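I opened this entry to look up the nonpolar packing and the aromatic contacts. The structure is placed below for reference.

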Amino acid sequence: MTTQARRFRKISAACILAAWGFLGMLLCATNLFAQAAPFYKDKTIRIIVGFTSGGLYDQYARLLARHMGRYIPGNPTIIVQNMPGAGSLSATNYIYGVAKPDGLTLGMPGSGIYLDQMLGRKEAMFDVAKLVWLGSVDQRDLVLYMKADAPWKSIEDILAAKEAPKCGSTGTSDLTTIMTNILNDSLGVKFHEVRGYPGGVEIDLALEKGEIHCRGTGITTHFAREPYFTWHKSGFDRHIVQTGAKKDPRIADAPTLAELMEKKKTPALPRNVAKVLLVSATVGRPMMTTPGTPPDRVKLLRDVYVKTLKDPAVVEEAKKVKMDLEILTGAEVEAQIRDVMNQPKDVIERVKKLSE
């Protein structure tokens with residue numbers, strides 16, 4: 001082979017290697033770009049709410065849906081889907097066992113959903129300690145309210161009455177159920193609970209129609225939407241008891257649970273049971289996603305949750321409609337859930353007995 005031929009062969013080989021090198025670099029760059037493209041781009045996130053539309057759970061979900069996407073790389077579409085049933089058991093079962101663990105399905109269950117598991121309800125097909133908690137909003141104390149024209153004006157009247165007031169609830173983890181169980185256990189007050197309403201809006205409608213007499217709910221809820229604005233102007237309802245350590249000035253006519261237990265000399269066990277039950281209030285209105293969701297997406301969603309609720313535009317929007325934005329991080333919600341599920345046997349047995 002001549003020197004010129006050898007030289008041509010070397011140049012050809014070099015050109016081929018260069019060409020393959022360029023192609024390889026192009027393929028590599030394309031692959032890296034695909035990996036760097038946001039997962040949520042062109043995706044839709046669903047927020048599953050465990051109650052009917054119109055209530056505060058639904059309102060908080062829609063507030064988040066309007067604003068969260070701006071903080072998520074890829075700016076996904078976010079929609080709210082209402083899935084009422086059994087006090088949000090249906091929604092929680094769906095998030096835990098049906099939804100894909102991809103960070104595209106979020107849930108807002110009732111804050112007392114841990115009680116369904118603690119009580120051993122066969123319908124509760126989930127483990128609250130394994131659910132991925134993203135954060136919470138609206139930590140609140142509770143109030144039991146009643147129609148003003150009902151024959152019971154106070155806890156003392158209910159204690160002395162032959163007929164128990166009818167209180168409406170969605171299920172065993174509902175705030176009405178929690179309030180009536182606490183009052184029964186710590187003070188001996190009897191209520192007739194009417195369960196099965198799909199949401200708070202329907203319970204309030206039943207109260208207006210005279211089907212029931214009372215309901216337990218968050219104090220912030222009671223001052224955040226209709227029909228309460230109208231009720232308070234017309235004197236439609238009366239406040240019977242509140243659970244805060246200090247009286248809320250908006251319902252100064254209602255004694256605190258602590259005051260009533262002190263007056264009644266309530267023993268330690270029922271007081272501890274009350275603390276367990278009231279976690280449903282202090283944990284607020286939590287948001288969760290499916291177990292097994294990739295850790296990087298969990299971190300992103302937790303960060304986005306807090307950033308969204310601290311956004312000045314969101315704060316202003318919430319203020320206009322009197323929605324409280326006191327926030328818990330995902331880690332804080334997770335800690336509360338794990339702690340409340342790790343109770344002494346006598347406390348858990350007492351909680352179960354109350355719900356029989």
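For what follows, I take contact to mean heavy atoms within 4.5 Å. I note at the outset that the model is predicted.

**Nonpolar cores.** I looked up Leu183 under that criterion. Leaving aside residues up to four places away in sequence, Leu183 touches Leu144, Ile155, Gly188, Val189, Phe191, Val241 and Leu257. I then placed Leu183 in its wider setting. The largest nonpolar core has 54 residues, and Leu183 is one of those with the most contacts inside it, together with Val128, Trp133, Leu144, Phe191, Leu277 and Val351. Helix H11, residues 268-282, supplies the largest share of this core, with seven residues. I found another core lying apart from it, of 34 residues, including Met68, Ile78, Ala224 and Leu325.

**Aromatic pairs.** I searched the whole structure for aromatic pairs and recorded six. Phe51 and Tyr57 form one of tilted geometry, at 4.8 Å centre to centre with 35° between the planes. I checked whether these two are buried or exposed. Phe51 counts as buried because its relative accessibility is 11%, under the 20% limit. Tyr57 is likewise buried, with a relative accessible area of 11%.

I next examined Trp231 and Phe236. Their ring centres lie 4.6 Å apart and their planes meet at 35°, so this pair is tilted. Trp231 is buried, at 2% relative accessible area. I also noted that Trp231 and Phe236 form one aromatic cluster with Tyr145 and Tyr228.

**Charges over rings.** I returned to Tyr57 and found Arg285 over its face, at 4.7 Å from the ring centre. Arg297 lies over the face of Phe39, at 3.5 Å from the ring centre.

Note on methods: Residues numbered from 1 in each chain as written. Predicted model: local features only at pLDDT ≥ 70, side-chain atom pairs only at ≥ 80, totals over all residues. Heavy atoms only, no water. Core = buried A, V, L, I, M, F, W, Y, C linked by side-chain atoms within 4.5 Å. Buried < 20%, exposed > 50% of the residue type's maximum accessible area, 1.4 Å probe, protein only. Helix = DSSP H or I, 4+ residues; strand = E, 2+ residues; numbered from the N terminus. Phe/Tyr/Trp six-rings, centres within 6.5 Å; stacked < 30°, edge-to-face > 60°. Lys NZ or Arg CZ within 6 Å of the ring centre and 35° of its normal.
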